[in-house]
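Me: I'm new to this one. Could you pick a single part and take me through it slowly?

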Amino acid sequence: MKNIKYKLLVLPAMLILIIIGSCKKSFLDSAPYAVVADNNFYQTTEQCKGAVMQAYNRTVHLGPIYLFIRHALNDYAGDDLLRTQTDDFTVWYNFSPDNVQFLWGWKYCFQGIYLCNYTLSKLATAPIPQADKDALGAECKTIRALMYYMVATRWGKTPIITDILPIEEYYKVSFAAAADVYAQVTKDLKEAIPNLPKKWDAANKGRFSQSAAKMLLAKTYMQLAGYPINKPENWQLASDVLADFVPQSKRADYGLGLLQDYGDVYNKAHDQGIESVFEVNEMYYPSGSGISLEVGAPGNFLQVFEQPDMYEGFGAGRECFTTDLYDEFEKDNAGKIIDKRFTYTMLEPGDVFYVTSTHDTMLHNSTGKLYIQNVKVDKATNTLSYTIKNNTDKSYAGWIWPGKDQQWYPNYKYLRNASERTGYMNNAGLFGEDLNVKWMRFSDAILNYAECLNETGHTAEAAGYVNEVRTRTNNSQAIDSRRIYQKTIVTGALPMVDAGLSQTAMRTAIQHESRVELAGEDWRYENLRRWGIAADRLHQMAAKSPQVGASTFNPAGKYVKGAWDYYPVPTNEFKP
Amino acid sequence: MPKKLTPLPKYLLLVFFTFPILLFSLPGFAQQVITVTGTVKAPDSTPLAGTTILVKGQSSGTSTDERGNFSIATVKGATLVISSIGYSKKEIKVKDEVINLVLEKSDNSMADVVVIGYGTQKKGDLTSAISTVSAKKLEGMPVQNTESLLQGQVAGLTVTSDGGEPGNNGKIRIRGVGTFGNNNPLYVVDGIPVNNGLNFLNPNDIENIQVFKDAAAAAIYGNRAANGVIYITTKKGRSGKRQITFDAYYGSATNGKTRRMADANEFFDYVKLKNQDGPLADLHSKGYNTDWVKSIIRTGATQNYNLGIRGGNEDHTYFTSVNYSKVLGTQLKSDNERLTARLNSSNKMFSWLKINEDLAISNEKRHNNNIYGGARNIPSIVPVYKTAEEIAALDPTSRGLNQYFDVAQSIGILNNSVAQIARNNGTNNWLSLYGNVQGEIDLGKIISPLEGLKFTSTLGFERIDNDYHSFSPIYALGSRDYSSKTGVNDNFSKYLHWTFNNFLTYNKTFSKHTIGLTAGTVAEQETSNNFGASASTGISNNPYLQVLDAQTQDRNSGGSAYKYTYASYVGRVTYNYDNRYLLQASIRRDGTYRFAPDKRWGTFPSVGLGWRVSNESFFKDLNIPWLNDLKLRGSWGQLGNEKIQSNFPYLSQIAGTVNRGYVLGGAGGDNSSKVFVQGYGPTNAPNPDLTWETTTSTNIGADFGMFNDKLKLSIDYFSRFTKNVLYQKTLPLYSGIPASDGIAPVTQWVNGAEIKNHGLDLTASYNTNIGKLGLDLGANFSVYKARVSKLNGNIPIQVNDERIPTVIQMRQGDPLGAFFGYTVDGFYNTAEELKNKAGVERQQGAQVGDFKFRDLSGDDIIDNKDKSVIGDPNPKFTYAFNVNFNYEGFDLKSFWTGSYGNKIYSIGDIYLSGWDEGGPQNVWADVVPNSWTPQHNNAIYPKVSPGGTKRNFEKGPVTTSIQSGSYMRLKNLQIGYTFSDRLLKKTGISGIRAYVSAENLFIITKYKGDDPEIANGARLNVNEGGQGNSPSYIMGLDYGDRYPIQKTLTVGVSVRF
């Protein structure tokens, strides 16, 4: 029994071991490995600028890379564009909370908002010069305003969040009405404008300048003035903002103006030129640049999506202009198109567009697509002769497109022929092209100004601005050198709008002008709605072009004014 | 009076971590040597094979053969020590040359020692649910990996496979799933947790595998053990005669159950319905009828050679083995080659110091590129090769590699799968080192009053080097299937995981009290870094130019690194009173680097109680002749889980990726003036409150031994209740927080749910001899039911496929991984049915011949509100049984496994049954006859139409795609013959067994797709809107593109010297 005492030694020995082990606590406390915590960042102007660039990047996601998101949120919901039969996405014209395109658009807008909120909160305490803070903060506020503008125009009610909230709070945020969202947009823009440069130097093109913020501010006022908010006092506010940079005398200050030739608008040589109020840069990365060329890196697939059908299988041909838009182009009494913008807006059946330098030429006619060779164009008579390629040559055979009864018109604005292409082709056959997205164009600012002038009783003055745009059209080249054969050669000229028109007639004239000037540039739907004519136009379009995707039922015909003014909030939000 | 302290030798520490000399040879005695022969039998006269016979005080020894016979050289007057597991040890002084003896059963049949984590215990003393699978049971099963060895062996343990690809080992679930995150058990090999699976382990090296199922058993491993522990003990040396075993087998494999694709005529029938026969008529008229799946497969082959040597004396024992295995898979260019070696030794340096070490080296080389999905997409009217004329007509300059392959660009087929395989040459190599060094100081031998107190220190490590090399050639098959560049991709990674355990154990028996105390600390660290580089545009496809140096453009490199650290304190008490009342209690405190400093530590207790009813005197008085052993057990315990795919989720983290940059400059279309400015931003929604997820598990069990242990029965009821479940809670999209790639949607790691899982495990075995016929029957059966019992805010957890939204949705009360979608109520047979009472389209986009979904909400409009849980991928029960006979030298074994009541969502069925609007995709053979037509309203598939069928499927799962995955399969059938020792006497060989074994001979199932077993291991194709990685609770998603499970036929031989 004496041994018991010693046996009790076991317990202290075990205790000692545990105490020795305790010093291991610090073992866990090493600094987070291979991770940049936010308190180590936002220390220099350069880092803060990186944070702002990340916020700008969301414009890339809404625009270039996933162009179809912006299309889905704009033109697909309008009367200009139709999905084609090759569409393998969710039915686009689908006012459903399940519509994935709506969900993506909603998501990217709010990501932009969050990144601006985050950056603004970090800028507040960043140890950098006050001037840098103000300048970068102004850009953040403009990006945030653009995102809220997108959300408010599409969904109407939305949460307004301008700060970083504790996570649980996000579930509790209430949804504000569209007018309140626009109030937030105007607040941000007014705060930003004084700290933005009037124009950026060549090295910084792509950033928001004062004119871009002002144009967005004017558009916000116009949204407040138009349907369904209908607060007409905002016309004057919009008009005043536009008066800062649209009139001839003000343009030089901001480096803005109209290009001589409408055909240059989508010409690469005029990227970030005088007509670009806000243009998102795209970039093709040469081999060895070390930047991934796959989806996700800047470099976009506009060409793939817009390309008229599956040439060599690559073109998605996912969208085309409607007959309704085709009919919008002005014609003379003989029914010949006299608007030269037509040439630079769409292809029509019978046109020959040179596709690649190494392969063959593709012809669209009303029954489908043909690969042709020995192409000859008689310029004197504008006639075409060719032989059809042997259709057993599998490399170029393709599916018959478009459908037998439809006449669809490929969007030409984002098409490049082989000699213009710089893009990279990956194994999946996708092209990353450096096609910039001209988000806000000066001719739109001019037409917006004309509209504001007309709505505030200055109809005659408005006519001058509309005619400026029409004159430029008339001064454009009738023949597009990029095409092999153009079935319709536009002749004649647009007549000038009469300064003595009634306010209503001028309104119609401006609406027409805006449609043809900006076709396929993603302003149509919000304009239609703002003008209160969405329901009428969509019903008419649906009757003319009944086909959407594989369905012969075009839901545009179901559009109900009042009920469909805004898109439904995506289901995934679990919120009203 | 205490004895004088023995001074500690100065070189103690030096010895402590030094590998000792492996083999010791001791000189024998030069005396009158005689050969003693004899037979050892059990009380019921069955021979006891494998009984160890040692000469006391010497290293020499032998063991009995299958008939219980032995023969040993010794001297008269020496003492033989005869021992066999489950029987009491006997010592006999050598007088005669023949000794026949009967060993008594040791006090109970459950005397086997089992590992209980940082210590051992007699099996009879267990209070928790631990199952043991011994090597003997697994002998002669020609399997390449440990996971397949375990399949069906233990009630409550399921192994699911996501394909039969060489080197693919499947995943193990113990008692179903209990959490949204990590559901993998913890693997422990010889006391050291291993984090990278068991691929390195040669199954022949396994002595036994124990499965810790309940918390009381696993709690001692705390951290990462919430899903149970698989504890593997490798073979160790034994004192006595050295044993040499040599095993070899060779087998050939063919694919098991696979679903057939349409042949050329069946496909053309389908194309006609799509109105696309015109463009294809030309191709069809050429009469090709290619079975694309057949064109990518071959007969597989398996070979395996294993040499094991074990031996030693009382102080030093060793085990060493070498194994080589090579598997050629049934798909072209899929193989796995592995060479492993193991060195285990145990050395008693002093009476008070023992040093053990284990070292395993494994080198594995693998090619894999599962292309079943691709091959299935190609219609059979497309040929594999160009015709001779077509090849001759090719422009010589455009001829690249494999130019003889055809491509079917005309119908939108961009890749020829056979050509793809021919080009593919990615090689993975792993070199792994696993090992541990253990020093054990018996303090009682130094200070005698401390008898029973031992200090053990173990350093274990896991070191893996991986390299991957691939080369992509220049080739040209068509204007779309070509590459004008070569490419090389090299990746290297190294991984080190070390574990340092320091333990004091104290075991002592005071009259009827047996007490065991264990206390210690565990520290662990994992570090890893990897580096990858790629480049393209080499000069040619020459094999000697397939290196980075020879590539001149597109040079890219990248890498990553991580470090994890854990620390723990462990304590345990075991107590046994008179072999009747048993108690075990443990506590473990775990710390992890993963959570915020004030949230790092979790404490996890457990307690277990047992009652050996059959050892009570009253039980003996009851005199129940058929029941000889009865134990009741109950346990309760808690375990923690912190394993999530996020490091430092409590910190707000910043990153810059390509999805975050913006391009400036570019005026006048001048690309050279464009500058990519890297953007940086937050990547996560940090949660500083994040802490341990806790599983509380209760187990009530009983063990029965009947008819003198011929029939054994164990039954366990369990419940697992997991609180603070870690998962990625979906945040509203309008919160706007982007994930790490800058694009994906927003989630936050939270402790936000509760999951309840309960069930039953049953195990029974029956062993008997009827004359010379030996019979061994075994069966196990298990049931579990896992439900989400609470979700914070009841925000459903959703999982999306890339083309189908919310494949899985769970709200409170739903089963884990439940499929969520529409119920099909027949078809829309007429245009009138498409409209509802209000005259509005009832089901958006539906056409005649489409599925008619049930209107659950009653509003006469089909929308999201009409979705419900339509399938539970969890089985109602799983089972396995074996029927083994032996007669004379012959043995016949059969082993069956099965699952009942699990549902499979066959996504592959959907995509290949007419989904596409555009170019005709391939279809299953049975699609056209089973599709809706006006005459065939009772169809399975919707109408095949030019517009495709996707509108029927793309809104979510539908009931017709959800099928029963129940099956029963003959996993193994084996016939063996053991050559009688008479034949072998003079050869020095003590046993030869030759066998023929068939794996996966057949399966009984109603499942229409491929093998339902592989459909259970799920992968998910996700896209934006889905969760980043496939959560581990996902089961039963069949994309129809898995590598099939193989039927193999193997011949093998085992030789013992």
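Reply: Sure, and a definition comes first: helices (H or I, at least four residues) and strands (E, at least two) are DSSP runs, numbered from the N terminus. You're looking at a predicted model, where local features need pLDDT of at least 70 and side-chain atom pairs count only at pLDDT 80 or more, while totals for chains, interfaces and linings use all residues. Residues are numbered from 1 along each chain as its sequence is written, and chains are lettered from A and ligands numbered from 1 in the order in which they are written.

Let's start with Glu233(A), which sits in helix α10 (residues 233-243) of chain A. Glu233(A) counts as exposed because there are 9 C-beta neighbours inside 10 Å. The scale goes like this: with C-beta atoms placed from the backbone, 20 or more others within 10 Å make a residue buried, 12 or fewer make it exposed, and anything in between is partly exposed. Tyr221(A) is 12 residues from Glu233(A) in sequence, and their C-alpha atoms are 9.0 Å apart.

Now for the part I'd like to dwell on, helix α9 (residues 210-225) of chain A. Its 16 residues reach 22 Å from first C-alpha to last, close to the 22 Å expected at 1.5 Å a residue; that expected span is 1.5 Å times one less than the number of residues. Helix α9(A) is mostly covered, with 16 of its 16 residues buried.

What does α9(A) meet in α8(A)? Ala213(A), Leu216(A), Leu217(A), Thr220(A), Gln223(A) and Leu224(A) of α9(A) meet a set in α8(A) that includes Tyr182(A), Val185(A) and Leu189(A). Contact here means C-beta atoms, placed from the backbone, within 7 Å. In general, an α-helix has 3.6 residues a turn, so residues three or four places apart point the same way.

As for how the pair is arranged, the axes of α8 (residues 178-192) and α9 of chain A come within 10 Å and cross at roughly 155 degrees. That makes α8(A) roughly antiparallel to α9(A), given that angles under 35 degrees count as roughly parallel, over 145 as roughly antiparallel, 65 to 115 as roughly perpendicular and the rest as oblique. Axes are lines fitted to C-alpha atoms, for helices over the stretch in contact, and angles run from 0 to 180 degrees between N-to-C directions. The crossing is left-handed, meaning the near helix is turned anticlockwise from the far one by less than a right angle (clockwise would be right-handed).

Stepping back, chain A has 18 helices and 12 strands, and 53% of its 576 residues count as buried.

Note on methods:
Contact = placed C-beta atoms within 7 Å.
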